[in-house]
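Biologist: Please take a close look at one part of this model, its largest nonpolar core. Which residues touch the most other members, and which elements give two or more residues to this core?

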Amino acid sequence: MPKSASDSPSIAPGQKIDMQAPPETQVVIDFDDNRAVSAMVGPYGQNLAQVERRLGVVVDSRGNHITIAGSRDGCDAARRVLETLYTQAAQGHDLTQGEVEGAIRAVIAQGSLFEYDPKARSTFEAINLRKRPVRARTAAQDAYIRALKHHELVFGIGPAGTGKTWLAVARAAQLFERKEVDRIILTRPAVEAGERLGFLPGDLREKVDPYLRPIYDALYDLMDSRIVERALQSGEIEIAPLAFMRGRTLTNAAIILDEAQNTTSMQMKMFLTRLGENSRMIVTGDPSQVDLPNGQTSGLAEATRLLDSVEGVAQVKFTADDVIRHELVARIVAAYEGLPQRPAVKKP
């Protein structure tokens, strides 16, 4: 258990630390577990460097002895982040840069409305899988996971890098591992090929693979590769283009429609009405990356408008602030969001 001594003021949710503020206080923490401390610090101190950069503090590591210098708010936030990371490392969890960023955002969002306990369960939700837990790293991701757990149809809408597809696959994998559903069905509109995939070589799976590669990557990262391969062979995990969903009733399944902004109105209506008994449906998309021909209304935009107040349907919207892929991606998304968007033109 870490031991620390500091003057610990409050930090408001969403508050930004003044990177130029002169040092006002110092926090000293002594940790017990050498291995957990090494994981917390990261290779060549990269985790501490990330904390320094994000919170405007200076962190010095000497063995199990950590010193934090900076503004009072920054030191308090950094102490909480390091204690959270230490606890996770002591439990055997891998600390990626994304996990560090998630801890930073969670601590800032929590503020000091209650006594902070790094061993207590985070206010952010998690999806527990056999391979590893998947935790929300932003408030929007937290709301998304909660919606996935309590609604039969969930729309995840927002820019690239916010974890929409990743968390959708994680939830589907969890339902599958718990045997709450019998199948995982993954689909995506193949807009680039006009839904006519016959000219591509190979069988159906090989034809669709290029369009569903992000979902495959998530599956293999979240589940054991042998289980994934076996489920693909047995049909328990099914990959199919959106056009092949027509006429089916999908029961006892977790169904994911990715890149839904490229569906037409008729395709989206067809897909949503495939929902059968004991099934969960997750629709993800980025309205700013519509590849439909000019004049074609996006089925995602229409569906989210029509189903906004329908019981059992949840919509979670992500922004550039929720991008967790890379700091530069967030700045790129923000830059593009400043451009005027092409209005959707309805068909006469």
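Modeller: In this predicted model, the largest nonpolar core has 41 residues, and Tyr144, Leu186 and Ile237 touch the most other members. Two or more residues come from each of α5, α6 (164-177), β8, α7 (204-222), α8 (225-234), β9, β10 and β12. Of these, α6 gives the most, with eight residues.

Leu186 illustrates the surroundings. Leaving aside neighbours within four places in sequence, Leu186 is in contact with Leu212, Ile215, Leu219, Ile237, Glu238, Ile239, Ala240 and Ile256. Apart from this core lies another, of 28 residues, which includes Ile29, Leu55, Ile68 and Ala89.

The strands named above belong to a sheet. Six strands form this open sheet with parallel pairing, in the order β9-β8-β10-β11-β7-β12. At its edges are β9 (237-241) and β12 (313-317), each of which pairs on one side only. From one strand to the next, the twist averages 15°. Five bridges join β8 (residues 183-188) to β9 in the parallel sense, and Glu238 in β9 is the bridge partner of Ile185.

Helices pack on this sheet as well. Helix α9 (residues 265-272) touches β7, β8, β10 (253-257) and β11, and its direction makes about 155° with that of β11. Helix α5 (residues 139-150) lies across β7 (153-157), β11 (280-285) and β12, running at about 165° to β12.

Technical notes
Residues numbered from 1 in each chain as written. Predicted model: local features only at pLDDT ≥ 70, side-chain atom pairs only at ≥ 80, totals over all residues. Heavy atoms only, no water. Pairing = 2+ DSSP bridges. Helix = DSSP H or I, 4+ residues; strand = E, 2+ residues; numbered from the N terminus. Axes fitted to C-alpha atoms, helices over the stretch in contact; angles between N-to-C directions. Contact = heavy atoms within 4.5 Å. Core = buried A, V, L, I, M, F, W, Y, C linked by side-chain atoms within 4.5 Å. Buried < 20%, exposed > 50% of the residue type's maximum accessible area, 1.4 Å probe, protein only.
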